[in-house]
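Reader: Before we turn to details, could you take me through how the parts of this chain pack against one another?

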Amino acid sequence: MTKNFENASMGTKSVWAGEEEYLVHGATQVPVIPSVAFGYDDMDEWYDVAIGRKKGHIYGRNTNPTVQAFEDKVKLLEGAEAATSFSTGMAAISNTLYTFLTPGDRIVSIKDTYGGTNKIFTEFLPRQQVEVVLCATGDHEAIEREVAKGCKILYLETPTNPTVKITDIARMAKAGKAVDALVIVDNTFATPVNQNPLALGADLVIHSATKFLGGHADALGGVVVGKEKELVEQIYHYREINGATMDPWAAYLLLRGMKTLQLRMKKAEENAHALAAYLQSIDIVDDVFYPGLETHPNHHIAKEQMKGFGAMLSFSVKGGVDTVRVVLPKLQFANRAANLGAVETTVGPARTTSHVECTPEERAAMGIPEGLIRVSCGIEDSEDIIADFKQAFEDE
Ligand SMILES: *Cc1c(COP(=O)(O)O)cnc(C)c1O
């Protein structure tokens, strides 16, 4: 019986969505099909598939069944019409931008985008004569002013990495629409469980699947979904030619990871709330950044546009880098690593993780203190996480 996901909720979709079409021989799980090419005995059928007149696969750089199952699942989770995938999150971001931008275009974004995205804005796009305007994150009036002057793309990320700043997507999408701009949102931190930018007016949504979608820090991937098939097809075309294709083995791991997406996000958020509250209560911590705290400057916007506040938080400590150097190695139940979104709690200073590409001056300009610690909460038991942080801070 063909499954209908129209009225299904997120947990059910996480488990079931997108897989049915790809099951063979009665298998209950989507198989990995590593074949680089797909063969045809009938020359006319081969031709029809090759020109897109008939469904099917030709060559692995273009499409692959396992990869397509991954795309279908994300599409259904985001309530999108189409999806296309990439080897990494950065490939999704760069391919999407380069699909639409040509010399002389203008793009408006925010200062706090992911470090790699920021590098595209400051290093690569300007040398292709694309004008990049980066507004203070959270300054909605400034973004509206710049967008009103005209732009091809309005590019947002919310919550941001690593200070979890929040931008009002519906308000910004309205400003973008008024000048016919494409509104793109990096939804990696929120995940489809907590935020659906397409429903808030965005045209395209990007994920680094490497993070929460996969959830187990064992596969790289990226994905773009859109309300209009035609937009996503243009991005797909750019990617099939330029070749930043997702690997079928990665697609399999990401599919498996996504089955528990809702479950993981709920638990990780519970841990993030508990840890944020604990960190706020101790002297050595200066500031705690988490959208779920009422002290967060845009808590009210987060509450409005998000179904949950997510698993990411950051905090700054007295003594800066010196304190970070002593405290972080003492944690037992946390990886000190550059990734995020895994089942294990993962910590790292912004200066060595999200914003390692930037100079201290650039980080300061983005409001990222050198002693800022980013925490991606895992799904451990919150009392153990808090006890672990407590013992790490003991002698400080
Ligand atoms: C990690 C990340 C990216 C880049 O994804 P990769 O898979 O590492 O290329 C983009 N945006 C955000 C918000 C991220 O956290």
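Author: A nonpolar core here is a set of buried Ala, Val, Leu, Ile, Met, Phe, Trp, Tyr and Cys residues joined through side-chain atoms within 4.5 Å. The model is a predicted one.

Reader: Which helix gives the most residues to the largest nonpolar core?

Author: The largest nonpolar core has 67 residues, and among the members that touch the most others are Leu275 and Leu279. The greatest contribution to this core, eight residues, comes from the helix spanning residues 261–280, which is α11.

Reader: Where does this core lie with respect to the domains, and why?

Author: The chain is divided into domain 1 (10–258) and domain 2 (261–393). Because residues of this core come from both domain 1 and domain 2, the core lies between them.

Reader: Which residues does Leucine 279 touch, leaving aside those up to four places away in sequence?

Author: Leu279, like Phe315 and Phe393, is among the core members that touch the most others. With those sequence neighbours left out, Leucine 279 touches Val285, Val288, Leu313, Phe315, Phe389 and Phe393.

Reader: What area is buried between domain 1 and domain 2, and how much of it do carbon and sulfur atoms give?

Author: In this interface 44 residues of domain 1 are in contact with 36 residues of domain 2. The rule finds zero salt bridges across it, while 15 residue pairs, both at pLDDT 80 or more, are in polar contact. The buried area is about 3200 Å², and the share given by carbon and sulfur atoms is 61%.

Methods:
Residues are numbered from 1 along each chain as its sequence is written. This is a predicted model: local features need pLDDT of at least 70, side-chain atom pairs count only at pLDDT 80 or more; totals for chains, interfaces and linings use all residues. Side-chain values use heavy atoms; hydrogens and water are left out. Buried means under 20% relative accessible area, exposed over 50%, partly exposed in between (1.4 Å probe, protein chains only). Helices (H or I, at least four residues) and strands (E, at least two) are DSSP runs, numbered from the N terminus. Domain bounds come from an automatic or database domain assignment. Contact means heavy atoms within 4.5 Å. Buried area is the accessible area (1.4 Å probe) that two parts lose on being put together, summed over both. A salt bridge is a side-chain nitrogen of Lys or Arg within 4 Å of a carboxyl oxygen of Asp or Glu. A polar contact is a pair of N or O atoms within 3.5 Å; within protein, one must be able to donate a hydrogen and the other to accept it, and residues adjacent in sequence count only if both atoms are side-chain atoms.
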